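Open your viewer, switch to a cartoon view, and get ready to click along. We will make a few stops together.

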Amino acid sequence: MTEPAEPTGSTRRTPTAEQREDGRPANASSGDRDPVPTLEQGDRGGGDRVGRFWSARRVPAALLALVLLGAAGLLLYDIAAVRADHPAMRWRRSLADGLAERHLDDVAVLVGAGIAAAIGLWLLLLALTPGLRGLLPMRRDRAGVRAGLDRTAAALVLRDRAVEVPGVQSVRVGMGRRKAKVRALAHFRELDDVRDDLNSVLEKAVRELGLARTPALSVHVHRPPKKG
């Protein structure tokens, strides 16, 4: 027996986009890849708290380590010498006698205590503060990626945008972590018009910097001093 032939003119149905198991369009080839997620589609790190960059503080740490190492080594050497029936060093005998004779309200004792307290507070301040004040943290658009912008570079960007405004002769920009101060000299046009244009241009420029904390903008426009 022979199998019945397909009717003439019949067409074989191909799976449509809804019938594909992998959910791809029917005309997609096996080598097509999923589209790369954009900032709106991918995982955004904007929800993470963006903190400042911490300084390694290598110089203060190295100096403190050297001082402590030298003092501990000298004290241990003197203790070992005393244990070996040698006399203690003169500086340790003088220090012990001085501490035994001086009162707590003595000027030298108060000065030494004040210096020691100031050094301790300075070290605590270095340990508890991030440092790197010249580096402004930027927004985190990707998890695990951090970026920073130098304050000088940010000030140069704002200055370049400001000098493009008609009527502006010169600009000085002071870029801080919370505020950007702009002082401009206008040699023609009304000062109010120049100030409005500067506010519009610089507000856009500040947003385009991509900083995690958008600094407040302070714009001052003056006339150049008259000669003679």
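Here is a short tour that starts with the whole chain and then moves to single residues.

**Stop 1: the whole chain**

Before selecting anything, keep in mind that this is a predicted model. Colour the protein chain by secondary structure and you should find five helices and five strands. Trace the chain along its sequence, and the elements come in the order α-α-α-β-β-α-β-β-α-β.

Now show the surface. The accessible surface is about 17,600 Å², and carbon and sulfur atoms hold 57% of that. Of the chain's 228 residues, 19% count as buried. What about contacts between residues that lie apart in the sequence? Among contacts with a separation of 6 or more, 58% join residues 24 or more positions apart.

**Stop 2: a nonpolar patch**

Select L74, L75, L76, I79, W91, L95 and L99, and show their side chains. Together they make a nonpolar surface patch of about 660 Å². Which helices supply these residues? Both α1, residues 58-83, and α2, residues 90-101, give at least two each. The largest share is from α1, with four residues.

Next, click on W91, which sits in helix α2. Is W91 buried, partly exposed or exposed? Its relative accessibility is 36%, so W91 counts as partly exposed, since that class runs between the 20% limit for buried and the 50% limit for exposed.

**Stop 3: a hairpin**

Move along to strands β3, residues 168-175, and β4, residues 179-186. How do these two strands run? They are antiparallel, and seven bridges join them. Look at the connection: β3 and β4 form a hairpin, with three residues between them. To see one facing pair, select G174 and then find K181 of β4 opposite G174.

**Stop 4: a serine in the last strand**

Finally, select S218, which lies in strand β5, residues 216-222. Is S218 buried or exposed? S218 counts as buried because its relative accessibility is 14%, and buried means under 20%.

Show the side chain of H220 as well: a polar contact of 3.1 Å joins it to the side chain of S218. Then display what else surrounds this serine. Leaving aside residues up to four places away in sequence, S218 touches K179, A180, K181 and V182. You have already met one of these, K181, as the residue opposite G174.

Technical notes
Residues are numbered from 1 along each chain as its sequence is written. This is a predicted model: local features need pLDDT of at least 70, side-chain atom pairs count only at pLDDT 80 or more; totals for chains, interfaces and linings use all residues. Side-chain values use heavy atoms; hydrogens and water are left out. Patches are made of residues with over 30% relative accessible area and no salt bridge: like charges are joined within 9 Å, nonpolar side chains (Val, Leu, Ile, Met, Phe, Trp, Tyr) within 5 Å. Accessible areas come from the Shrake-Rupley method with a 1.4 Å probe; for residues, only the protein chains shown count as cover. A salt bridge is a side-chain nitrogen of Lys or Arg within 4 Å of a carboxyl oxygen of Asp or Glu. Buried means under 20% relative accessible area, exposed over 50%, partly exposed in between (1.4 Å probe, protein chains only). Two strands pair if DSSP finds at least two bridges between them. Contact means heavy atoms within 4.5 Å. A polar contact is a pair of N or O atoms within 3.5 Å; within protein, one must be able to donate a hydrogen and the other to accept it, and residues adjacent in sequence count only if both atoms are side-chain atoms.
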